[in-house]
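Morning, everyone. I have one structure to walk through today, and I will keep it short. Let me put it on the screen.

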Amino acid sequence: MSNDNLQEVVKQKYGSAAKQVAAGGVATCGGGAESTCCDPITKDLYDTSQTSALPKEAVAASLGCGNPTALAKLQPGEIVLDLGSGGGIDVLLSAKRVGPTGKAYGLDMTDEMLALARENQKKAGVENVEFLKGAIENIPLPDNTVDVIISNCVINLSGDKDRVLREAFRVLKPRGRLAFSDVVVRGEVPADIRKSVELWVGCVAGALEEFEYRDKLFSSGFENIEIEPTRVYKVEEARDFLAAAGLDVEKVAPLIDGKFMSAFIRATKPFSRASVVGPSCRT
Ligand SMILES: C[S@@+](CC[C@H](N)C(=O)[O-])C[C@H]1O[C@@H](n2cnc3c(N)ncnc32)[C@H](O)[C@@H]1O
C-alpha cells in the first residue's frame, strides 16, 4: 500500500472512531474488529485522578497504548506537542502539567478527531491548548520551538517513520525530549503472523522492531535512547481475533508470545549534533 493510501485508510478508521464518540459511544478502531481489537491495549492506562477532571468524551476517545504524560516529566512553562492527538486526552493532561505559562499542541490529520478534540478543549475550559491539522510526517511548526514531543500509539501507523523522527528532531529545541508510547516488536516474527497481530494491536499498524526503532532514532540525531516495555501481550489476549483471521492459534503461539509490547520510548535532542558520539546506539 502506498503512503498516501495508508493515510487515507488510517483517516477513515479514526474518522469513524471519532464519530462513534461524538454519538455518545466509546472509540474503537473500526474495520472488522469493533468489539475486540483495542480493549486489552487501551484499558486502564490512566488513573481516575487524571481522567475525573476531563470531559467524558476525551476519555471515551482514548485509543492510546500507554500514558506518555505520566512518564514525560513535564514542567511548568514547557511547550509540548502531541503527534496524532486524537480526541485530545494527552494534550489536555499535558496542558494541566505545563500550566498557564506553557502550551500544549495537538497535531492530527483526521478532521473528525480534530473536531472532537476542539470540542473537548471547550468543555475542559483550557486556553493553553491548540489543535493543529496536519501530518506527523510534515509538522506545521518552526524549527527548535518545542520542549517535549509526546505521542500515544501513532508512530506505528506512519508509512514513513524516518521522516516523522526527522521532523520531531527539527521542531525540538536543543536538549528537547521525545516521550512516546508505541507498539514495538521484540525479535523476529514471520511477516503474515506479524500482520495479524499488528491488526489486533493497532488496527492498521506497522510496529518497528526494538533495535530498528533505536537505529532510526539514532540516525535521526537523537541520543539517550531508551525503550522500556510497559505492557507485554500474551497470545491468549488476542486468541479470538487471531482465530477469526484464520490462524491456528496453538501453532503460532510460540512465535508470538512476549514479542509484541507497548513500550515507552525516550530520547533527547543533543545540544548540538556534534555532541552525538559513538558508532552505534546499541549500548
Ligand atoms: C491510535 S489513535 C491515538 C489517538 C491519541 N493519541 C490517543 O491516545 O487517544 C491515532 C491517531 O493518530 C492520527 N494519525 C494517524 N496517523 C497520522 C499521521 N500520519 N499524521 C497525523 N495524524 C495521524 C489518527 O487520526 C488518530 O487520531
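Let me start with a pair of side chains: by about how much of a helix are Lys-11 and Glu-8 separated? About one helical turn, because the two sit three residues apart in helix α1, residues 3-22. One reminder on geometry. An α-helix has 3.6 residues a turn, so residues three or four places apart point the same way. And these two side chains do meet: Lys-11 and Glu-8 form a salt bridge, at 3.5 Å from N to O. Both ends see some solvent probe. Lys-11 is partly exposed, at 27% relative accessible area. Glu-8 is partly exposed too, at 43%.

Before going on, a word on what this is. The model is predicted. Now the overall picture. The protein chain has 283 residues, and 55% of them are buried. It carries 12 helices and eight strands. Take the contacts between residues at least 6 apart in sequence: 78% of them join residues at least 24 apart. The accessible surface comes to about 12,500 Å². Carbon and sulfur atoms account for 51% of that surface.

Back to charges. How many salt bridges does the structure hold? The count is 17. You have seen one of them, Lys-11 with Glu-8. Here is another: Lys-216 with Asp-162, the closest N and O atoms being 3.2 Å apart. Lys-216 lies in helix α10, residues 210-219, and Asp-162 lies in helix α8, residues 161-171. So this bridge ties together parts that are 54 residues apart in sequence. Is Lys-216 buried or exposed? Buried, at 19% relative accessibility; the cut-off for buried is under 20%. Its partner Asp-162 is partly exposed, at 30%.

Two more entries for the charge list. Glu-236 bridges to Arg-239, with the closest N and O atoms 2.8 Å apart. Arg-239 is partly exposed, at 26% relative accessible area. Then there is a network: salt bridges link Lys-56, Glu-57 and Lys-123.

On to the aromatics. A pair of aromatic rings is described by the distance of the centres and the angle of the planes. What does a search of the whole structure find? One aromatic pair. The pair is Phe-169 with Phe-222, and the arrangement is edge-to-face. The centres are 5.2 Å apart, with 85° between the planes. Phe-169 is in helix α8, while Phe-222 is in the loop between α10 and β7, which spans 223-232. So the ring pair ties together parts that are 53 residues apart in sequence. Both Phe-169 and Phe-222 are buried. Phe-169 has a charged neighbour as well. Lys-269 lies over the face of the Phe-169 ring, at 4.7 Å from the ring centre.

Note that helix α8 has now come up twice. It holds Asp-162 from the salt bridge, and it holds Phe-169 from the ring pair.

Last stop, helix α6. How many of its 10 residues are buried? Eight, so by the under-20% cut-off α6, residues 89-98, is mostly covered. The buried ones are Ile-89, Asp-90, Val-91, Leu-92, Leu-93, Ser-94, Ala-95 and Val-98. Asp-90 is on that list, for anyone tracking charged residues. Right after the helix comes Gly-99, with a positive phi, near 70°.

That is the tour. Questions, please.

Terms used
Residues numbered from 1 in each chain as written. Predicted model: local features only at pLDDT ≥ 70, side-chain atom pairs only at ≥ 80, totals over all residues. Heavy atoms only, no water. Helix = DSSP H or I, 4+ residues; strand = E, 2+ residues; numbered from the N terminus. Buried < 20%, exposed > 50% of the residue type's maximum accessible area, 1.4 Å probe, protein only. Contact = heavy atoms within 4.5 Å. Areas by Shrake-Rupley, 256 points an atom, 1.4 Å probe, with all protein chains shown as cover. Salt bridge = Lys/Arg side-chain N within 4 Å of Asp/Glu carboxyl O. Phe/Tyr/Trp six-rings, centres within 6.5 Å; stacked < 30°, edge-to-face > 60°. Lys NZ or Arg CZ within 6 Å of the ring centre and 35° of its normal.
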